Amino acid sequence: MRSIELEVRTQGGLHARPAAAFVRAATGFRSAIRLENVTLGRPSADALSIVGVLSAGVERGHRVRIVADGVDEEGAIEALGELLAGPGQVGGE
Amino acid sequence: MASGEEAESRIHTAAETAAAQLNALAARLCELNRPGDAEILEAQALMAVDPAIIDEAARRAREGVDPGVAIVDAAEVSAVLLAGIEDDLLAARAADLRDVAARIVRVLNGTHLHLPAAPSIVIADDFPPSLLAEMPRGVLLGLALAGGSPTAHVAILARSLGIPAVVAARGLLDAVRGAATVAVDGESGEVVADPEIAELQVLADRQAVRGERDRAASARRGRPAATSDGKRISLLANIRSPDEAPRALEAGAEGVGLYRTEFLFLRRQSAPSEEEQMGAYRRAMEAFGPDRPVVIRLADIGGDKSIPYLGRPEEPNPFLGVRAIRLGHESRDLLLTQLRAIWRAAGLAGVTPHVMAAMVATIADACLLLDLRDEARAQVCAAGQPCPERMVTGVMIEVPSAAIMAPELARMVDFFSIGTNDLTQYVLAADRGNPSLVRFQDALHPAVLRTVAAVIAAANAAGIPVAVCGELAGDPAGAMVLAGLGVGELSAEAGSLDGVRAALAGVSAAQLDALAAESLAATDAETVRAAANELLGARR
């Protein structure tokens with residue numbers, strides 16, 4: 001299991017378009033992936049659930065935690081982390 | 001249990017089919033060059049296969065619940081969750097989700113909605129956006145809804161597909177019941193039941209005129225405004241609230257040249273909080289993104305827009321009174337709060353903030369603005385909040401003394417924005433609100449234009465840009481004169497940008513220069529307007 005905590009830099013947080021892009025990206029991995037809004041302290045959501053990701057209410061500047069568990073967990077953390085924090089911002093944990 | 005497993009597998013199949021349908025509709029919108037609208041349907045496709053919903057529906061089906069009922073109930077749990085979050089966008093998503101559930105149920109039951117096959121006007125209480133996208137082009141002639149709102153997805157989609165639509169028409173269903181023919185005018189918001197032949201002719205004429213206008217304007221939309229020989233002029237929009245951002249972007253605005261924040265301050269008992277202001281500014285900044293500036297004008301209040309909570313006495317001459325930046329002495333906290341909100345909003349939106357102040361009359365006024373700006377930034381930084389490095393800071397030129405001192409002011413600030421309405425009233429000393437003095441209210445008066453020319457010369461010498469954000473900028477004749485004088489940015493109501501873009505595209509830079517020279521040499525506004533209109537008419 002791998003996890004990362006980062007600050008969301010996506011324009012407009014995880015509303016609408018970025019949320020859909022995040023879910024589509026998560027669909028490409030076989031690992032179980034969860035997203036948690038650390039700033040708001042909401043329970044974590046399944047990264048494959050668009051309703052879950054939208055309900056996390058992630059705004060730009062919020063801190064989130066991504067947890068991946070499975071054969072491709074490393075790649076999942078890196079790809080999804082870059083999607084939210086921007087390229088080169090993901091150092092792992 | 002075989003039947004439970006079968007029901008579960010039927011749910012999965014139906015969900016996949018619904019998602020495929022929605023993705024196909026999204027692809028169609030992309031082909032129509034509507035990627036923004038396609039996103040609504042792409043998000044719906046993801047909802048159709050959302051494991052949180054489908055797994056819950058499958059669980060209920062295994063327990064013996066009818067698959068259709070299971071889908072609707074499971075979706076409703078999530079819809080209530082989304083609708084409960086205090087966010088208008090997410091509330092709209094709840095409606096989208098219910099629409100998705102209904103679609104999955106139709107696939108499950110093998111039923112089809114009876115969508116009209118012949119060209120029709122649809123009259124309904126509400127209409128989901130995915131159905132609108134599903135109707136073949138040419139079949140849906142118009143849409144009239146008793147419910148909905150202008151910002152609902154269905155209204156946005158209808159607008160972008162060019163389908164005349166009237167929404168939120170209370171009492172509509174009773175009004176058209178039994179009518180054999182219905183006409184819809186989406187621009188005027190009229191729905192006519194059983195129109196007379198004469199009425200139909202009026203509507204048809206309007207349709208023809210607008211079609212011609214829209215074809216000409218939309219051919220240029222999205223392309224930057226320029227003269228026929230390629231001299232660029234930036235067109236920006238004036239807004240009062242971030243709600244106007246979509247309309248401005250749709251009209252091809254390259255940003256906001258004037259965000260009138262005073263509307264946040266009016267009609268209330270106490271000043272808006274820093275948080276409330278920050279939310280509004282941030283929404284505007286994020287709507288336009290990092291490449292399209294949003295120039296926020298510090299609240300232009302006092303004067304004729306009096307505010308009870310400022311506790312100021314009534315003034316005999318409000319237009320010459322304590323208003324805008326002049327409040328910086330007596331109500332320093334009001335402006336500091338607004339500036340902190342702007343710094344913080346920009347920090348969160350990841351953009352460089354643009355700010356300007358109205359009623360700047362002296363060098364001391366400009367110094368006050370810069371001091372307040374820097375003090376607000378220090379406060380935001382001290383609180384440990386994210387804050388940009390710099391704020392692009394400008395002054396409005398509308399008081400004659402500021403125009404006269406423009407060479408010195410230009411070396412202090414990053415840009416000028418000329419407010420032609422107030423500049424006209426102050427240069428000609430004629431109250432804007434006095435109906436006996438309307439003959440003095442023409443911003444094309446040479447005295448105003450010569451002032452504008454002097455301000456532009458001062459700005460050019462200091463290397464700063466000049467914008468015009470008054471009504472003159474949105475008037476095609478006025479815009480041509482201003483562009484000829486050397487104004488590089490025009491900011492006006494979104495609805496007037498098409499007309500200005502078309503006017504500028506029809507003339508060359510040399511023609512504009514000649515018009516400007518003629519205007520500066522004129523001795524009255526009528527001569528200037530006649531010259532501009534002649535050029536405007538000649539290009540048609």
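**A parallel sheet, a buried helix and the A–B contact**

In chain B, β1(B) runs parallel to strand β2 (residues 140-145), and the two are joined over five bridges. All of this comes from a predicted model. Within that pairing, B:Val122 sits opposite B:Leu143 of β2(B). The pair belongs to an open sheet of three strands, ordered β1-β2-β3 in chain B and paired in parallel. β1 (120-124) and β3 (165-166) of chain B are the edge strands; each has a single partner strand, so one side of each lacks a neighbour in the sheet.

Further along chain B comes helix α12, covering residues 274-288. With 15 residues at 1.5 Å a residue, the helix should span 21 Å, and its end C-alpha atoms are indeed 21 Å apart, so expectation and model agree. Plenty of α12(B) is tucked away: the buried residues are B:Gln277, B:Met278, B:Ala280, B:Tyr281, B:Arg282, B:Ala284, B:Met285, B:Glu286, B:Ala287 and B:Phe288. Their cover includes the helices α10 (245-250), α11 (262-265) and α14 (332-349) of chain B, along with the strands β7 (256-260) and β8 (294-297). Right after α12(B), B:Gly289 adopts a positive phi of about 75°.

As for how the chains meet, 19 residues of chain A are in contact with 22 residues of chain B. On the chain A side, α1 (16-27) and α2 (50-55) each provide at least two of the residues that touch chain B. The largest share, five residues, comes from α2(A). Sorted by class, this side of chain A has seven nonpolar, eight polar and four charged residues.

Note on methods: Residues are numbered from 1 along each chain as its sequence is written. Chains are lettered from A and ligands numbered from 1 in the order in which they are written. This is a predicted model: local features need pLDDT of at least 70, side-chain atom pairs count only at pLDDT 80 or more; totals for chains, interfaces and linings use all residues. Helices (H or I, at least four residues) and strands (E, at least two) are DSSP runs, numbered from the N terminus. The expected span of a helix is 1.5 Å times one less than its number of residues. A residue is buried if 20 or more other C-beta atoms lie within 10 Å of its own, exposed if 12 or fewer, and partly exposed in between; C-beta atoms are placed from the backbone. Two residues are in contact if their C-beta atoms, placed from the backbone, lie within 7 Å. Ala, Val, Leu, Ile, Met, Phe, Trp, Tyr, Cys and Pro count as nonpolar, Asp, Glu, Lys and Arg as charged, and the others, Gly among them, as polar. Two strands pair if DSSP finds at least two bridges between them.
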